[in-house]
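Okay, thanks for squeezing me in. I'll put the sequence and the model up, and then walk you through a few bits of it.

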Amino acid sequence: MLKAWKRSIIGSNQTNVIEFILMGFSSYPKLQIPLFVIFLLVYTITLTGNILIILVTTVDPALHSPMYFFLRNLSSIDICFNSVIVPKILADLILQKKTISYMGCFTQLYFFFFFGTVECCLLAAMAYDRYVAICNPLRYPEIMNRKVCFQLALVSWLLGFPNSTVSAIFVFSVTFCGPNTINHFFCDSPPVLELACADTYMIQIEAPTATMIFIVFPFLIILFTYICIIITILKMPSAEGRQKAFSTCSSHLLVVTLFYGTASSTYFNPKSKYSPDTKMFLSLSYTVITPMLNPIIYSLRNKEVKAAMKRTLHWKMFRTK
C-alpha cells in the first residue's frame, strides 16, 4: 500500500521532473555570505530562545500552569517550523547547486503545512485559556485542568495531519514536466503550482477550503475570545485591574498579530499586488522571524518568565560551583 501511494505521488506522468531548483536569494549574489550569517544568527537565536523557554517552564514549579504548558508546545512548534525552512536556506546560500529532490520538496511542503496548521490551532487553544482566565477566573482551575490542557494540545497536533496530507498530495498530484525552477526559498504551494503543466483548478478550490477550515476558523475562535476578553476588561471597576488583566494576554495577542498579519499578507492578497521577490521577503516574516520573536516576546513582557529564567540560571551556576 505504501508503494502504491508513493507511485501515485511520483507517478509515470511526473518523471520528467525529478528535482526542483530553489532560486531563493540567487538574484542577490553579493549578499549570499551576509545573508548566510544573518540566517545562521536568526536560527541560533530561535533554537536557543525556544529551548530556553521549554527548559525554564519545565523545571520551574512556578510555571507549571496551563498558560506555560501551551507556551512549551508553541516553542516546540516554532523550533520544528523553523527547522523545516532555515537549514535548507543556509545550505542553498553556500552551495552552487540549489536543488531539492521531488520527494524532498513534497516532504518540506508537507511539514510546512503540518506545523503551520498546528500553530494556528494552538494559538486558538491559548486564546481560550486566556478567555477562561479573565472571563471566568473563579472556575479557571476547574475548567483548565491538566486533562483539558492535554486534550487541547493533542487535538492541535492531530489536526495538522489531515490538512498537511490532503494539501500536499493535492499540490503534487498535478503534472510537472518542466521548467523546474521555483522562484522561492522553499517549496511553498503557490510557486510550486506555477510550474504545473496540468490544470490546477481543483487545487485552487481545495486550497482556500483547507485554509478556511484550518487557518481562518482558529482565527475566528481567537477573534471571538478576544472580543469577550475586551468586553470583560472594560467592565472592570479599577484601572489597575484592567491593566493587570490585559497584561496577562498581551504577549499572546502580539504573537497572534505577528503570525496572522504576516501570513495573511502573503496568502490573502491578490496575485498581482506583490512581486515574487516581495512575497518571498514577506514569507520570511512568519517562517523565520516570528519563531525567533515569540520567545523574546514572552520573556521580555512576562515577569514570571524573567524571574524563572533568573532562578534557573542561578541554580545552574550554583550546581557547577
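So, residues 110-128: the chain there is 100% helix and 0% strand, and the C-alpha atoms at the two ends sit 27 Å apart. Keep in mind that this is a predicted model. UniProt, in an unreviewed entry, lists that stretch as a "transmembrane region", along with 33-57, 149-176, 212-234, 246-268 and 280-300. Take 33-57 as another example: again 100% helix and 0% strand, with 36 Å between the end C-alpha atoms.

Zooming out for a second, the protein chain has 12 helices and 3 strands. Of its 321 residues, 45% are buried. If you take contacts between residues at least 6 apart in sequence, 80% of them join residues at least 24 apart. On the surface side, the chain exposes about 16,800 Å², and carbon and sulfur atoms supply 70% of that.

Now the strands. They form an open sheet in the order β2-β1-β3, with mixed pairing. The edges are β2, at 99-101, and β3, at 181-182, each pairing on one side only. Strand β1, residues 19-22, runs antiparallel to β2, and 3 bridges join the two. Phe-20 has Ile-100 in β2 as its bridge partner. And what lies across the sheet strands? Helix α4, residues 102-135, lies across β1, β2 and β3, at about 85° to β2.

Phe-20 comes up again in the packing. The largest nonpolar core has 82 residues, and the ones touching the most other members are Phe-20, Phe-25, Phe-39, Leu-123, Phe-172 and Phe-176. Which element gives the most to this core? That's α4, with 19 residues.

Let's follow Leu-123. Leaving out residues up to four places away in sequence, Leu-123 touches Leu-74, Ile-222, His-252, Val-255, Val-256, Phe-259 and Tyr-260.

Tyr-260 is the one I'd like to end on. You'll find Tyr-260 in helix α10, residues 239-267. So is Tyr-260 buried or exposed? Its relative accessibility is 10%, and the cut-off for buried is under 20%, so Tyr-260 counts as buried. With the same neighbours in sequence left out, Tyr-260 touches Cys-120, Leu-123, Ile-215, Pro-218, Phe-219 and Ile-222. Look at Cys-120 in that list: Cys-120 and Tyr-260 are 140 residues apart along the chain, yet their C-alpha atoms are separated by 8.6 Å.

That's my tour, thanks.

Note on methods: Residues numbered from 1 in each chain as written. Predicted model: local features only at pLDDT ≥ 70, side-chain atom pairs only at ≥ 80, totals over all residues. Heavy atoms only, no water. Helix = DSSP H or I, 4+ residues; strand = E, 2+ residues; numbered from the N terminus. Buried < 20%, exposed > 50% of the residue type's maximum accessible area, 1.4 Å probe, protein only. Contact = heavy atoms within 4.5 Å. Areas by Shrake-Rupley, 256 points an atom, 1.4 Å probe, with all protein chains shown as cover. Pairing = 2+ DSSP bridges. Axes fitted to C-alpha atoms, helices over the stretch in contact; angles between N-to-C directions. UniProt positions renumbered as here; feature names shortened; annotations may be inferred. Core = buried A, V, L, I, M, F, W, Y, C linked by side-chain atoms within 4.5 Å.
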